[in-house]
Amino acid sequence: MITVGAMRVFVTGGTGALGRYAVPALVAAGHTVTALARTPDKADALAVQGARPVVVSLFDPSALAAAFVGHDAVLNLATAMPSTIGFAFRRAWRATERVRTEGSAAVVDAATTAGVGRLVQESVAMLYRDHGSRWVDEEAPVDHYPAAVGNHAAEASAHRFGAAGGTAVVLRFGLFYGPGARHSEQMFAAARRHLGPVLGPPENYLSSIHLADAASAVVAALGAPTGTFNVVDDEPLTKRAYADALAEAARTTSLLRMPGRAGLLFGDRLTPLTRSLRVNNARFRASADWAPRYPSAREGWNATAAAFGRSP
Ligand SMILES: NC(=O)c1ccc[n+]([C@@H]2O[C@H](COP(=O)([O-])OP(=O)(O)OC[C@H]3O[C@@H](n4cnc5c(N)ncnc54)[C@H](OP(=O)(O)O)[C@@H]3O)[C@@H](O)[C@H]2O)c1
């Protein structure tokens, strides 16, 4: 068992889908949380969750360094992902690329200047190449498709922090779902209309993680050693089984699974979502005090459906 004493942590992205779960989880674990806020209403929301909001630009290393002084760890959870439709358009990725490239570099520069010892950097498991039905661990080769530019840059920033002597923990998350994950509400609403979300061949694997489990992984990362870790649930499902799990949670049947193989027509613009990724979480489970509450999307979607009241 890895025990982590109370830390002073600075969170970026604390107002996002993951951050809204991670900030209260950090507070509940006894940590003192400071979080970046961009607007007064977001600052208020952070304060309600028990964090101290600080208004500072992610792209200003000297202001960030001043804000980071006195913290034991910085958790960089900021992203600006495109909408599901925007996924296919290159320009829609620019905001998140800037956050992950320029922003993560500024975070590392500032954390180094401020003498912060630990960095946790959000990344994605969709960086791996298609592995068919084979399990994927952290040693598997990654891919450099266009939408992955920002994630590779963020990981490189984290490695730079580690090379300079800090503890750098990179978390490669599976596909988020659960209340608060934008696409979850869309998928659940579609399931109620008998539409099953299957992007790519139905026999391909999808590795997902409920937002509550992603947040508990962020907390556990405060006790992990330097390294890159997959944060996915225990049992990735095939896309067909995933659509069935969603339909079952919605108390309906998946009559039309779409867009299926037609998703392949978008080539590398949709490749993070169409490829087969059966990702293994063993390294993180062995290195940190973490286990997912929802072992697969079956349990996680049931809980999500209950939270949505089965009709969002
Ligand atoms: N692994 C995955 O499956 C995965 C990964 C990432 C995102 N997503 C999904 O994609 C959807 C959108 O995600 P998202 O992460 O882009 O949005 P999000 O959930 O709104 O969170 C993004 C966070 O980063 C912050 N941020 C954005 N731009 C920033 C900037 N320039 N400077 C400082 N902070 C900035 C946001 O602040 P504000 O609140 O002020 O905007 C927010 O706290 C979510 O529903 C999420 O579930 C999935």
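This briefing describes helix packing, aromatic pairs, burial and backbone geometry in one structure. The model is predicted, and the points below take up the aromatic cluster and the helices around it, then a separate helix pair, and finally some individual residues. Tyr-177, Phe-188, Tyr-242, Trp-301 and Phe-308 form one aromatic cluster, and several of these residues recur in the helix contacts described here.

**Aromatic pairs and the cluster**

- The count of aromatic pairs comes to 8, and among them is the pair of Tyr-177 and Tyr-242, whose ring centres are 6.5 Å apart and whose planes stand at 85°, so that the pair is edge-to-face.
- Tyr-177 belongs to strand E8 (residues 175–177) and Tyr-242 to helix H8 (residues 239–249), so this pair ties together parts that are 65 residues apart in sequence; both Tyr-177 and Tyr-242 are buried.
- Phe-188 and Trp-301 make a stacked aromatic pair, with 6.3 Å from centre to centre and 5° between the planes.
- The pair of Phe-188 and Trp-301 links distant parts of the chain, since Phe-188 sits in helix H6 (residues 182–192) and Trp-301 in helix H11 (residues 297–308), 113 residues apart.
- Phe-188 has 0% relative accessibility and therefore counts as buried, and Trp-301, at 0% relative accessibility, counts as buried as well.

**Helices that carry the cluster residues**

- H6 and H8 pack with their axes 9 Å apart and at an angle of about 75°, and the two helices are therefore roughly perpendicular to each other.
- In the contact of H6 with H8, Met-187, Phe-188 and Ala-191 of H6 meet Tyr-242, Leu-246 and Ala-249 of H8, and by class this contact has 6 nonpolar, no polar and no charged residues.
- H8 also packs with H11, at an angle of about 30° and with the axes 8 Å apart, and H8 and H11 are therefore roughly parallel to each other.
- H8 passes H11 in a right-handed crossing, and the contact is made by Tyr-242, Ala-245, Leu-246 and Ala-249 of H8 together with Ala-297, Arg-298, Trp-301, Asn-302 and Ala-305 of H11.
- By class, the contact of H8 with H11 has 7 nonpolar, 1 polar and 1 charged residues.
- Tyr-242 thus takes part in the contact of H8 with H6 and in the contact of H8 with H11, besides belonging to the aromatic cluster.

**The H3 and H4 pair**

- The axes of helix H3 (residues 61–68) and helix H4 (residues 94–114) come within 8 Å and cross at roughly 50°, and H3 and H4 are therefore oblique to each other.
- H3 passes H4 in a right-handed crossing, in which Pro-61, Leu-64, Ala-65 and Phe-68 of H3 meet Ala-106, Val-107, Asp-109, Ala-110, Ala-111, Thr-113 and Ala-114 of H4.
- By class, the contact of H3 with H4 has 9 nonpolar, 1 polar and 1 charged residues.

**Burial of helix H7**

- In helix H7 (residues 211–220), 9 of the 10 residues are buried, so the helix is largely enclosed by the rest of the structure.
- The buried residues of H7 are Leu-211, Ala-212, Asp-213, Ala-214, Ala-215, Ala-217, Val-218, Val-219 and Ala-220.

**Residues with positive phi**

- Most residues other than glycine have a negative phi.
- His-194, although not a glycine, has a positive phi of about 70°; this residue is found in the loop between H6 and strand E9 (195–199), and at 30% relative accessibility His-194 counts as partly exposed.
- Arg-251, which is likewise a residue other than glycine, has a positive phi near 55°; Arg-251 is found in the loop between H8 and strand E14 (256–260), and with a relative accessible area of 59% Arg-251 is exposed.

**Two further positions**

- Pro-82 lies in the loop between strand E4 (73–76) and H4 and is buried, with a relative accessible area of 7%; the C-alpha atoms of Pro-82 and Arg-94, which are 12 residues apart along the chain, are separated by 8.9 Å.
- Ala-47 is found in helix H2 (residues 40–48) and, at 43% relative accessibility, counts as partly exposed; Ala-47 and Ala-35 are 12 residues apart in sequence and 9.1 Å apart in space, C-alpha to C-alpha.

Note on methods: Residues numbered from 1 in each chain as written. Predicted model: local features only at pLDDT ≥ 70, side-chain atom pairs only at ≥ 80, totals over all residues. Heavy atoms only, no water. Axes fitted to C-alpha atoms, helices over the stretch in contact; angles between N-to-C directions. Helix = DSSP H or I, 4+ residues; strand = E, 2+ residues; numbered from the N terminus. Parallel < 35°, antiparallel > 145°, perpendicular 65-115°, else oblique. Left-handed = near helix turned anticlockwise from the far one by under 90°. Contact = heavy atoms within 4.5 Å. Nonpolar A, V, L, I, M, F, W, Y, C, P; charged D, E, K, R; others polar. Phe/Tyr/Trp six-rings, centres within 6.5 Å; stacked < 30°, edge-to-face > 60°. Buried < 20%, exposed > 50% of the residue type's maximum accessible area, 1.4 Å probe, protein only.
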